[in-house]
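Let us walk through this model together, one part at a time. Keep the structure open beside the text as you read.

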Amino acid sequence: MIKIKDIEKTYTKGSVPTEVLRGINLLIQRGEYVAIMGTSGTGKSTLMNIIGCLDKPTKGHLELDDVDVYKLNDDALSSLRNKKIGFVFQQFFLLERTTALDNVLLPLIYTDKYPADANHRAKKALASVGLEDRTEYYANELSGGQLQRVAIARALINDPDVILADEPTGNLDSRSTSEILEIFNRLHKEGRTIIVVTHDQAVAKHAQRILELKDGRIAENDTGSKSKN
Amino acid sequence: MKVSKAITLSCKILTAHRLRTALCVSSMAIGVTAVVVMVSMGRGAQKLVLDMIHDMGTNLIVVNAGHVTLVGGRERQSAIVTTLRPSDADAIQDYCTSVVEVAPETSRKMNVQWESENLTTEIVGVTPSAFRIRNIEIEMGRGFDSVENESGQRVAIVGTVIVEKLFNGEDPVGHRIRIGSAPFEVAGVMKAKGVDANGVDRDDRILIPIKTAMHRLVRTTFIQKIHIQVTNSKQLELAETEIRELLHERHRLQDKPDDFTIQNQATLIQTERESARILTLLVGSVAAISFIVGGIGILAVMLTACRERRREIGLRRAVGARRRDIRTQFMLESLIIAGLGGFFGAILGILFTFFTSRLGGWYTIQSWDITGAGLILSTVIGMVFGIYPATKASTLEPIEALRTE
């Protein structure tokens, strides 16, 4: 369960402060599929980064499974990201000159104990996104859709509770977008919590709940989007 | 993150950036090679000079007529001084308790002729004791004895350069040559000794009995130097004092300055060793600068890597890398680069030293201690110069790193 209380975030550029998030309160249950929407600059990526413990708010609290994350030190936060959260970014963020398999293995390097069956797990993760025949391909040899699927496999390798995806289809064509959304649907059915940041209504429709951000606040909390479509 | 995993990871990253890694490794390797080669050459030069001094003989004191000064590291006699005589050598032998043997010497450049060949070379008048004191060995034929010296026999012992130049490499023993206008019989050939510390070729000379030289050839009553062998190296200082006092008295110098110069082999060795040590230190210091340049190369490459790989750092942090994991990874990369640089530099240094000696004709000494030190120092330099980029990389906030354009 993700509990967000009175989160505020202000960036200061020069001497001008910009309020990006202005008191966000939110509860996301385990196994939910949530889409965060909003126009550019409304703070949806900032909110996602805060939920993913990549960024800290100026004010407020975040609890992941009843753990107050701001009471954790930097090492514990790293460990939490490693075990509980899988990230999928718009720009894929795969390591260049590195094979798909090695990219997927990356989070395992930072686990407390590197598993003996790491390669098997990575291959299984790649197979789950339909890339079992691309394990030894380098990042520059894969298409955009394939790169994003490698990124999803990487996010899944540690079997995290939450998948955080920031505009995961932003750089993809419609066919690849459908493939990625199908994977998210399947992961949701498997019981994972999925939070997708998007400005695309078609992507958001796949979620159970749509949060509309406007001027740093949740303007709309639609809980019936998936059933409606 | 396990160290073995971190090493594998760093190796993969370095392999992925082959050109950058190779350039950085070579900058460090050049530094290590320079240190190893320069010190090996410096030490070679030091040994060469010390060997030359030892080759003069052991526990030796040399008394030169007049003042001998060092010009460009080589001896120069200021003027012809006529005060040093054979009787001084006899007195030293008789009155100085720590002296074993003396060998007076006189020399002059003269024309030498054999059949139609002729050349100008150093004619050195010596006593038979010179062969023992100065380690002069006979390769062919024989030397001459005190009877031949006392009776002023016209016998000559020639150097190997004379054999080559005058006799075209033929065996000269038994042949008659002319030194100036006087006929001499070649009794023997000296074993080659090469160039001495003063740059004089010891094989381009002819030894004849000193009495013959003084009475039948150059017709002088004075000599240029006396080589004196002392019982042991501890007696060198005492002997020098005894000789100085004796000659001072014999030459009736009273308050006047010495008309001779005494060179003590121990002092000479110490001076040469010190100057060679300074030379090695100087050369080593210059080479060490290139070592530091290699370290700065690592610093530059790792800082560039830190800037170029901000997103990678951000990603690693996002998927669970702790600050110390990033720091360890960057430190290991610097260490591997520096270690490889040190390793290749050491091998290149050994090879260069070998080929400089073989092909270039330089006298070198493989400096294994410096090679080992270079290897260790390169790793230390890698570590020191890697600290800043590693710290910089590890302190990047994940979100800041991921936002890098």
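The domain bounds used here come from an automatic or database domain assignment. By that assignment, chain B of this predicted model is divided into domain 1, made of 3-51 + 271-402, and domain 2, which covers 82-258. If you turn chain B so that both domains are in view, you can place their C-alpha centres 55 Å apart.

That layout is a good start for looking at chain B as a whole. Chain B contains 13 helices and twelve strands. Its radius of gyration is 33 Å, well over the 22 Å that the globule rule gives for 405 residues, so chain B is more spread out than a compact globule. Taken along the principal axes, the box filled by its C-alpha atoms is roughly 100 × 55 × 30 Å. How much of chain B is buried? Of its 405 residues, 43% count as buried. Take the contacts in chain B between residues at least 6 apart in sequence: 82% of them join residues at least 24 apart.

Now let us move to chain A and its sheet. Which order do the strands take? The sheet is open and has four strands in the order S2-S1-S4-S5, with antiparallel pairing. Its edge strands are S2 (16-28) and S5 of chain A, each of which pairs on one side only. Further in, strand S1 (residues 2-13) of chain A runs antiparallel to strand S4 (residues 59-64) of chain A, and five bridges join the two. A:Glu63 is a handy residue to follow here. In S4(A), A:Glu63 is the bridge partner of A:Lys3, and A:Glu63 also stands opposite A:Asp68 in S5(A). S4(A) and strand S5 (residues 67-68) of chain A are antiparallel too, joined by two bridges. The hairpin of S4(A) and S5(A) has two residues between the strands, and in this hairpin A:Asp65 takes a positive phi near 50°.

From the sheet we can turn to the nonpolar interior. The largest nonpolar core has 118 residues, and those that touch the most other members are A:Ile36, A:Val104, A:Ala151, A:Ala153 and A:Ile195. Which element gives the most to this core? It is helix H2 (residues 18-55) of chain B, with 13 residues. To see the surroundings of one core member, centre your view on A:Ala151. Leaving aside neighbours within four places in sequence, A:Ala151 is in contact with A:Val88, A:Phe89, A:Phe92, A:Phe93 and A:Leu94. There is also a second, separate core of 51 residues, which includes B:Val163, B:Ile179, B:Met214 and B:Leu247.

Finally, let us see where the two chains meet. Here 19 residues of chain A are in contact with 18 residues of chain B. On the side of chain A that touches chain B, the elements that give two or more residues are helix H2 (74-84) and helix H3 (100-109) of chain A. The largest share, six residues, comes from H2(A). What classes of residue make up this side of chain A? It has nine nonpolar, five polar and five charged residues.

Terms used:
Residues are numbered from 1 along each chain as its sequence is written. Chains are lettered from A and ligands numbered from 1 in the order in which they are written. This is a predicted model: local features need pLDDT of at least 70, side-chain atom pairs count only at pLDDT 80 or more; totals for chains, interfaces and linings use all residues. Two residues are in contact if their C-beta atoms, placed from the backbone, lie within 7 Å. Ala, Val, Leu, Ile, Met, Phe, Trp, Tyr, Cys and Pro count as nonpolar, Asp, Glu, Lys and Arg as charged, and the others, Gly among them, as polar. Two strands pair if DSSP finds at least two bridges between them. A nonpolar core is a set of buried Ala, Val, Leu, Ile, Met, Phe, Trp, Tyr and Cys residues joined through C-beta atoms within 7 Å. A residue is buried if 20 or more other C-beta atoms lie within 10 Å of its own, exposed if 12 or fewer, and partly exposed in between; C-beta atoms are placed from the backbone. The radius of gyration is taken over C-alpha atoms; the globule rule is 2.2 Å times the number of residues to the power 0.38.
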